Amino acid sequence: MIKAAIVGCGKMADQHAVQIQKIGSAKMVAVCDAEPLMAKQIAERFHVPAWFTNVDEMLAAARPDVVHVTTPPQSHLAIGKKCFEAGASAYIEKPFTLNTADAEELVDVANCKGVKLTAGHNAQFTHAMNQMRRLTSDGFLGERIVHMESLYCYELGDPAYAKALLGDSDHWVRNLPGSLLQNIISHGVARIAEFMTGDRIVVQATGFSSPFLQKIGQSDIIDELRLIIRDENATTAVFTFSSQISPSLHQFRLYGPKGSLVIDDDHQVVLHLDNKEYKSYLRFFVPPLVFARQYVGNLARNVGRFVRNDFHLPNESGLLTLIRSFYQSVEHAAPLPIPYREILLTSRIMDAAFEQINALKQEKPMQTLGLETKSSGGNRYRSLS
Amino acid sequence: MNHAYLEERDGEPVLASGPAESAVGFAVQADRTKLIAGSEDQILVTGANGFIGSWVVRTLLARGFTKIRCLTRGTSTPANLDRIRAEFGASGVEVVSGNLLSRDVCAKVMDGVVIVYHLAAGVEKTFPGCFLNSAVTTRNLLDAVTSAGNVRRFVNISSLAVYSNAQLRSGGALDETCPIDTRLVERYDPYAYGKAKQDEIVREYGRLRGLPYVIARPGVTFGPGKAKIPGRVGIDAFGVFLHLGLGNRMPLTYVENCAEAIVLAGLTAGINGEEFNIVDDDLPRSRTFLRRYKRKVRRIRTIPVPYSLFYLFNFAWEKYSAWSGAQLPPVFNRGTCEAYYKSQTFSNQKAKSLLGWHPRVSMSEALDRFCAYARERVVKA
């Protein structure tokens with residue numbers, strides 16, 4: 001039986017608590033928040049036997065096996081280390097840490113203490129992403145991945161988030177090195193990091209404040225980001241983050257020499273782009289039928305899962321899969337659901353992106369249309385080796 | 001100690017002087033003819049730019065108050081307050097932008113304040129979000145109130161949604177004697193949960209620290225500024241309006257009338273520790289409301305849904321949600337169905353008796369004003 005605890009009793013903590021309760025081999029033994037009212041309310045609602053306002057006291061008294069750290073990222077390093085020192089493994093919500101140096105330190109301490117950690121990249125484990133992983137490991141794409149495209153959008157018009165972030169100049173998200181981007185893009189970047197085989201990664205970034213943010217006087221926040229990523233094995237990727245694209249899309253495309261895949265995470269749809277040629281006009285008639293059949297197949301798969309009570313909303317099912325896999329790794333020495341290399345690579349790509357766009361921001365203020373007017377020579381290249 | 005205070009004569013505020021109710025912890029006999037704050041006293045209104053809050057500010061100004069500090073969340077452009085300042089002049093209205101999660105903000109806004117109208121609330125979809133922005137913010141503000149030491153009344157705005165009507169028969173009276181619902185989590189009602197916890201904290205400060213408070217629970221507040229059909233009438237389901245209220249009385253309160261009651265709750269002497277509901281007179285039935293809406297605002301397709309059928313649907317949804325591990329979250333459940341769609345009657349006798357309040361705008365006139373506004377919005381859209 002895994003004894004789980006949660007540190008940081010805000011909105012994310014609720015999502016974790018709901019999923020932990022679904023795991024029969026786990027029980028919540030404690031929650032902790034610097035604000036006693038917040039700790040108490042979650043303990044009451046989820047019938048957790050103990051609540052604390054001090055992490056050290058919680059670790060000493062409750063002796064959890066796994067601690068879910070759902071505090072703002074500024075505290076992840078310190079809290080993570082406390083957990084490891086106390087012999088507990090840790091699920092650390094995204095954004096994992098403030099920077100790669102902190103991420104590396106966490107991994108080092110966890111290794112040193114013989115405990116495990118994972119990052120809150122639950123979007124990696126939606127049904128569609130799991131299916132993509134199965135197809136990829138079955139060799140659908142061919143012997144290697146040539147290119148990837150990760151599109152990750154965010155609806156900044158969401159009143160709750162806009163209220164919290166845009167209305168509060170001291171909001172913790174604004175104080176992150178990558179500000180809004182750092183809090184959101186890790187899901188989309190982690191998808192790329194999973195399939196980058198090399199260690200010498202080159203990142204080219206450009207970013208700007210959208211016309212929407214400029215209009216409401218929030219031009220200090222960058223909400224449009226484009227990345228071009230390449231490793232020494234000639235695997236390339238393009239990452240797009242936008243708050244202005246409608247509908248707000250979350251898609252991932254993998255291109256290989258044998259075939260390609262399109263993952264539409266919003267609708268839990270996976271499409272195969274088969275390497276088949278049709279003669280003459282058949283190329284305009286047969287492939288649409290093939291796609292139609294694939295869409296029907298996706299529909300049947302989703303409905304089937306729903307009927308079997310195995311669908312749930314993608315982020316929730318991803319969170320449950322990740323937590324369950326992590327617990328198995330902790331309890332039964334199974335492989336980690338997210339290798340440390342992938343966590344660190346995600347962090348390194350993000351660091352490189354933030355470094356470049358922050359430098360651009362300081363060099364030249366954004367123009368009124370929100371477009372970065374610098375020529376292509378203004379884009380930075382950073383080699384990560 | 002004598003204080004200048006406002007006395008109502010022939011419905012108009014008149015400055016008078018005499019012994020005033022003291023600060024924290026001192027209660028006197030109810031006396032509706034005396035008001036515990038004078039026109040020069042500092043008033044604080046939190047959530048002042050909101051739907052009800054802005055009408056509270058307007059009502060205070062109309063009553064001659066000249067020092068009204070309005071706290072707004074930094075997120076919103078204080079459009080309502082801007083209009084009020086344009087209408088009444090800017091001198092009496094001090095707009096402060098800040099978040100009650102900051103204790104510094106709480107301490108700052110409490111400087112010199114004698115009456116607090118606390119309308120700011122967490123209106124979110126999650127339990128922690130509502131709790132944080134209702135209960136934690138209120139605790140922060142109350143700490144500042146008790147530190148300031150000169151507050152004569154803390155008016156806590158709660159909601160009719162916190163009551164349980166589970167033990168009431170259909171058609172029974174939902175009033176201040178009804179218990180607070182202890183199953184708000186099972187009801188999946190984060191807003192009501194946040195409000196109930198906020199009330200608990202206020203009562204605790206009253207008990208342990210002598211906070212002079214009243215708790216006001218408005219019903220469904222409506223009026224120009226809110227064009228949507230209240231949820232107690234029914235819900236929009238994929239373009240078809242499911243009429244759930246049918247013959248139920250709607251616990252409506254017109255925003256102007258509601259604001260008047262709230263203002264009096266802060267000023268009336270001798271009512272510390274009281275809790276009362278605010279609904280108007282002549283409450284219409286749901287079908288009357290909907291009929292008028294269709295006639296005066298726009299035609300909409302509606303399907304009447306009997307309570308028993310909707311209850312059955314909620315029962316089935318609730319059971320499926322529990323069985324499936326919330327594959328469908330329990331947004332529909334028997335508790336919510338009962339709380340919002342069981343036929344009840346509502347009383348405003350306590351508010352009238354304590355405050356000497358009477359809704360100035362008749363229900364018919366209020367409905368006409370609402371419909372005119374909603375129609376305007378439809379035309380604009």
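Me: What makes a crossover right-handed?
Reply: A crossover is right-handed if, with the strands pointing away from the viewer, the path from the first strand over the helix to the second runs clockwise. In this predicted model, strand 1 of chain A, helix 1 (residues 11–22) and strand 2 form a β-α-β unit of that hand. Another right-handed β-α-β unit is made by strand 2 of chain A, helix 2 (residues 36–46) and strand 3.

Me: How do you know that strand 2 of chain A pairs with strand 1 and with strand 3?
Reply: Pairing needs at least two bridges. Strand 1 (residues 2–7) of chain A and strand 2 share six bridges in the parallel sense, so they pair. A:Ala4 lies opposite A:Met28 of strand 2. Strand 2 of chain A and strand 3 (residues 51–52) also run parallel, with two bridges, so the requirement is met here too. A:Val31 has A:Trp51, in strand 3, as its bridge partner.

Me: Why is strand 2 of chain A called mostly covered?
Reply: A residue is buried if 20 or more other C-beta atoms lie within 10 Å of its own. In strand 2 (residues 26–32) of chain A, six of the seven residues are buried, so the strand is called mostly covered.

Me: What is the pLDDT over residues 366–380 of chain A, and how should that stretch be read?
Reply: The mean pLDDT of chain A is 91, and 92% of its residues reach 70 or more. Over residues 366–380 of chain A, however, the pLDDT is below 50. Where pLDDT is low, predicted coordinates should not be read in detail.

Terms used
Residues numbered from 1 in each chain as written. Chains lettered and ligands numbered in written order. Predicted model: local features only at pLDDT ≥ 70, side-chain atom pairs only at ≥ 80, totals over all residues. pLDDT = per-residue confidence, 0-100. Contact = placed C-beta atoms within 7 Å. Buried ≥ 20, exposed ≤ 12 C-beta atoms within 10 Å, placed from the backbone. Helix = DSSP H or I, 4+ residues; strand = E, 2+ residues; numbered from the N terminus.
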